[in-house]
Amino acid sequence: SNGLTSARHDLLSKYYAETYPETFDKNIEASLVYCGRYKLGDMLPDGNGMTVGDALLSPTRTYAPLIVKLLTENRDVVKGIVHCTGGGQTKCLRFGRDAHYVKDNLLPVPPVFKTIQESSGTALNEMFRVYNMGHRMEIYCDSSDGDGIIDLARSYGIAAQRVGRIVASTDGRNRLTIEHQGATIEY
């Protein structure tokens, strides 16, 4: 919900604050309230015919059937699972010890996130900290078990791929490196 709330305020115009004042907390700094330029019916730029409203309200796909099958039949190969909400791509930093997470093959970023970034002027490193950027679930396993997990995900119609790897941290703390469209982002 926090990501959706932020996206709503970053995308939608002041019209909504004026017309529907009950839709936001009056304690939020005024400059952050509905500070975007769009209305719900506006077309999402590069959104393949989707409106801003459709993008904000599109249903979230559940991974529950995949996770149940994975944990029931392949529990021994699962080293960890991270649902990239409530911390976006940086949530992995909360897990493990002396781990350097390297994400250098993320899934394509859906158009709604590009529009949020352009509309709000949010820096790319903050976008990856707040939003999942279209990459919601991570399964940690030995490299040799990755293809089997990817095949299982695809059997459920879920886009899946290796997005990175974990190497030992050189400084005794968890670290994250994201490589995205020529940019290197360190956390």
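In the predicted model, Arg 165 is a residue of strand β4, which covers residues 164-168. With a relative accessible area of 44%, Arg 165 is partly exposed, because the partly exposed class lies between the 20% and 50% limits. Neighbours within four places in sequence aside, the contacts of Arg 165 include His 100, Tyr 101 and Val 102. Asp 104 is also in contact with Arg 165. Strand β2 spans residues 99-103. Between the C-alpha atoms of Arg 165 and Glu 18 the distance is 47 Å, for a sequence separation of 147 residues.

The protein as a whole contains seven helices and six strands. Read from the N terminus, the order of these elements is α-α-α-α-β-β-α-α-β-α-β-β-β. The C-alpha trace extends over about 55 × 40 × 30 Å along its principal axes. Of the 187 residues, 40% are classed as buried. When contacts between residues at least 6 apart in sequence are considered, 68% of them join residues at least 24 apart.

The largest nonpolar core comprises 33 residues. Within this core, Phe 113 and Ile 116 have the most contacts. Two or more residues each are supplied by the helices α1 (2-11), α2 (14-19), α3 (52-57), α5 (111-120) and α6 (124-130), and by the strands β2 (99-103) and β5 (175-180). A second core, apart from this one, has twelve residues, including Ile 67, Leu 70, Ile 150 and Leu 152. In soluble globular proteins, nonpolar side chains tend to be buried together. Beyond four places in sequence, Phe 113 touches Met 127, Tyr 131, Asn 132, Met 133 and Gly 134.

Helices α4 (residues 64-73) and α7 (residues 146-155) pack against each other with an axis separation of 10 Å and an angle of about 140°. The two helices are therefore oblique to each other, because an angle has to be over 145 degrees to count as roughly antiparallel. The crossing of α4 and α7 is right-handed. On the side of α4 the contact is formed by Leu 66, Lys 69 and Leu 70, and on the side of α7 by Ile 149, Leu 152 and Ala 153. Five of these contact residues are nonpolar, none is polar and one is charged. Leu 70 and Leu 152, both part of this contact, are also among the residues of the core of twelve.

Gly 88 is located in the loop between β1 (80-83) and β2. Gly 88 is buried, at a relative accessible area of 0%. Apart from neighbours up to four places away in sequence, Gly 88 is in contact with Phe 128, Arg 129, Val 130, Tyr 131 and Asn 132. Of these residues, Tyr 131 and Asn 132 are also touched by Phe 113. The C-alpha atoms of Gly 88 and Ile 166 are separated by 17 Å, with their positions 78 residues apart along the chain counted as the sequence separation.

His 180 belongs to strand β5. His 180 has a relative accessible area of 15% and is buried, because buried residues are those under 20%. Among residues more than four places away in sequence, His 180 touches Val 109, Leu 124 and Phe 128. Phe 128 is also in contact with Gly 88. From His 180 to Leu 71 the C-alpha distance is 31 Å, and the two residues are 109 residues apart along the chain.

Two residues were noted for their backbone conformation. Most residues other than glycine have a negative phi. Asp 98, not a glycine, has a positive phi of about 55°. Asp 98 lies in the loop between β1 and β2, the loop that also holds Gly 88. Asp 98 is partly exposed, with a relative accessible area of 40%. Gln 181 likewise has a positive phi, near 50°, and is a residue other than glycine. Gln 181 is placed in the loop between β5 and β6 (183-186). At a relative accessibility of 69%, Gln 181 counts as exposed, because this class begins over 50%.

How values were computed. Residues numbered from 1 in each chain as written. Predicted model: local features only at pLDDT ≥ 70, side-chain atom pairs only at ≥ 80, totals over all residues. Heavy atoms only, no water. Core = buried A, V, L, I, M, F, W, Y, C linked by side-chain atoms within 4.5 Å. Buried < 20%, exposed > 50% of the residue type's maximum accessible area, 1.4 Å probe, protein only. Helix = DSSP H or I, 4+ residues; strand = E, 2+ residues; numbered from the N terminus. Contact = heavy atoms within 4.5 Å. Axes fitted to C-alpha atoms, helices over the stretch in contact; angles between N-to-C directions. Parallel < 35°, antiparallel > 145°, perpendicular 65-115°, else oblique. Left-handed = near helix turned anticlockwise from the far one by under 90°. Nonpolar A, V, L, I, M, F, W, Y, C, P; charged D, E, K, R; others polar.
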